[in-house]
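Trainee: Please take me through this model, with short reasoning and a definite value or name at the end of each answer.

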Amino acid sequence: MKPVFIALDFADKKTAISFLEPFANIDHLAVKIGMELFYKEGPSIVKELRSRGIEVFLDLKLHDIPHTVQQAAKQISQLDVQYTTIHALGGSKMIQAARLGLDEDAKASGSIAPKLLAVTQLTSTSEEQLNQEEQINGKIDDSVTHLANLAHDNGADGVICSALEDEFIHKKVNAEFICINPGIRLANNNKDDQQRVVTPEKARQLGAYGIVVGRSITQSDAPVKTYQDIYNTLNGGQN
């Protein structure tokens with residue numbers, strides 16, 4: 001089944017856990033912990049969620065010199081998370097170092113290493129910003145494809161990208177390469193600070209492995225129902 005990661009963009013553990021209480025009987029529940037919550041609570045929030053049987057996607061987007069990333073990845077691997085992220089823009093040696101760090105700890109502890117996902121271009125990045133501010137000429141699709149290839153060739157399990165880019169990544173990089181998509185909005189939602197957004201139905205059609213959904217669920221009047229509707233849509237109506 002394709003996961004729907006609820007983005008727990010809350011200021012503290014108490015708020016996040018309180019939000020999740022109504023989800024206690026939901027199977028296959030998965031969440032994303034980003035910088036805000038992790039920097040506040042640290043590993044304790046991961047431990048709490050894992051004790052409840054919830055899959056954790058730790059989204060810290062590592063981007064530093066290879067040695068530092070390798071050591072950080074070793075620490076992340078000890079947290080019993082299922083997915084974690086780096087920036088593909090860190091380059092081939094940094095991606096390799098992240099892979100090595102995750103695998104080193106998993107081998108030593110006899111555990112399963114988290115899946116390593118590389119961020120290509122943020123879904124808040126427009127082509128104009130890419131060209132003018134980052135001074136990367138050309139189409140954003142070409143930049144995403146290049147970074148996805150770089151990630152694939154250096155040991156990443158997949159990428160974080162807009163669902164709009166899933167099809168050509170699967171065609172030009174690898175048909176089995178994991179594509180997890182943020183920038184998901186329901187048809188009646190505001191885009192907020194996102195640029196390249198799609199609906200859950202469109203993400204399914206484009207070949208998403210999984211999607212990240214934040215405000216559409218966390219700010220819903222009926223978050224559990226909204227989550228279930230999105231999950232069923234992504235999985236073609238399967239429960």
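Mentor: One definition comes before the rest: a helix is a DSSP run of H or I with at least four residues, and helices are numbered from the N terminus. Note also that this is a predicted model.

Trainee: Which helix gives the most to the lining of the second largest pocket?

Mentor: That pocket has a volume of about 260 Å³. Its lining has 16 residues, with Val81, Gln82, Ile112, Ala113 and Pro114 nearest the centre. The most from any helix is 3 residues, and they come from residues 92–109, helix α5.

Trainee: How many residues of that lining are charged?

Mentor: Asp, Glu, Lys and Arg count as charged. In the lining of the second largest pocket, 5 residues are nonpolar and 5 are polar, while the number charged is 6.

Trainee: Is arginine 99 buried or exposed?

Mentor: Arginine 99 belongs to helix α5. Its contacts beyond four places in sequence are Ala113, Pro114, Leu116, Asn154, Gly155 and Asp157. The cut-off for burial is under 20% relative accessible area. Arginine 99 has 14% relative accessibility, so it counts as buried.

Trainee: How many Å apart in space are arginine 99 and glycine 155?

Mentor: Glycine 155 is among the residues that arginine 99 touches. The two are 56 residues apart in sequence, yet from C-alpha to C-alpha the separation is 6.1 Å.

Trainee: What is the radius of gyration of the protein?

Mentor: The protein has 11 helices and 8 strands. For 239 residues the globule rule gives 18 Å, and the value for this protein is close to that, so it is as compact as a globular protein of that length: the radius of gyration is 17 Å.

Trainee: What percentage of contacts between residues at least 6 apart in sequence join residues at least 24 apart?

Mentor: The C-alpha trace spans about 45 × 45 × 30 Å along the principal axes, and 49% of the 239 residues count as buried. Of the contacts you ask about, the share joining residues at least 24 apart is 68%.

Trainee: Which helix supplies the largest share of the largest nonpolar core?

Mentor: This core has 62 residues, and Leu8, Phe23, Leu49 and Ile169 touch the most other members. The largest share is 5 residues, and they come from residues 223–234, helix α11.

Trainee: Which residues does phenylalanine 23 touch, not counting those up to four places away in sequence?

Mentor: Phenylalanine 23 is one of the members of the largest nonpolar core that touch the most others. With residues up to four places away left out, its contacts are Ile6, Leu29, Ile217, Pro223, Val224 and Tyr227.

Trainee: How many residues are in the second, separate core?

Mentor: Members of the second core include Phe5, Val119, Ile160 and Ile178. Its number of residues is 11.

Trainee: Histidine 28 is not a glycine, but its phi is positive; near what value does it lie?

Mentor: Histidine 28 is in the loop between α1 (13–20) and β2 (30–33). Exposed means over 50% relative accessible area. Histidine 28 has 52%, so it is exposed. Its phi is near 60°.

Trainee: Lysine 61 also has a positive phi; where is this residue found?

Mentor: The phi of lysine 61 is about 50°, although the residue is not a glycine. At 22% relative accessibility, lysine 61 counts as partly exposed. Its place is within residues 55–62, strand β3.

Trainee: Is glutamate 165 buried or exposed?

Mentor: Glutamate 165 lies in the loop between β6 (158–160) and α8 (166–172). From alanine 203 it is 38 residues away in sequence and 9.9 Å away in space, C-alpha to C-alpha. Its relative accessibility is 1%, so glutamate 165 counts as buried.

Trainee: What distance separates the C-alpha atoms of glutamine 121 and glutamine 82?

Mentor: Glutamine 121 is in the loop between β5 (115–119) and α6, and at 3% relative accessibility it counts as buried. Glutamine 82 is among the residues nearest the centre of the second largest pocket. The two glutamines are 39 residues apart along the chain, and their C-alpha atoms are separated by 22 Å.

Key:
Residues are numbered from 1 along each chain as its sequence is written. This is a predicted model: local features need pLDDT of at least 70, side-chain atom pairs count only at pLDDT 80 or more; totals for chains, interfaces and linings use all residues. Side-chain values use heavy atoms; hydrogens and water are left out. On a 1 Å grid over the protein atoms alone, a cavity is a set of points where a 1.4 Å probe fits but cannot get out, and a pocket is an open set with protein on both sides within 12 Å along at least five of seven lines; lining residues have an atom within 4 Å of a point. Grid points are joined across faces, edges and corners, and a volume is the space filled by probe spheres set on the points. Helices (H or I, at least four residues) and strands (E, at least two) are DSSP runs, numbered from the N terminus. A nonpolar core is a set of buried Ala, Val, Leu, Ile, Met, Phe, Trp, Tyr and Cys residues joined through side-chain atoms within 4.5 Å. Buried means under 20% relative accessible area, exposed over 50%, partly exposed in between (1.4 Å probe, protein chains only). Contact means heavy atoms within 4.5 Å. The radius of gyration is taken over C-alpha atoms; the globule rule is 2.2 Å times the number of residues to the power 0.38.
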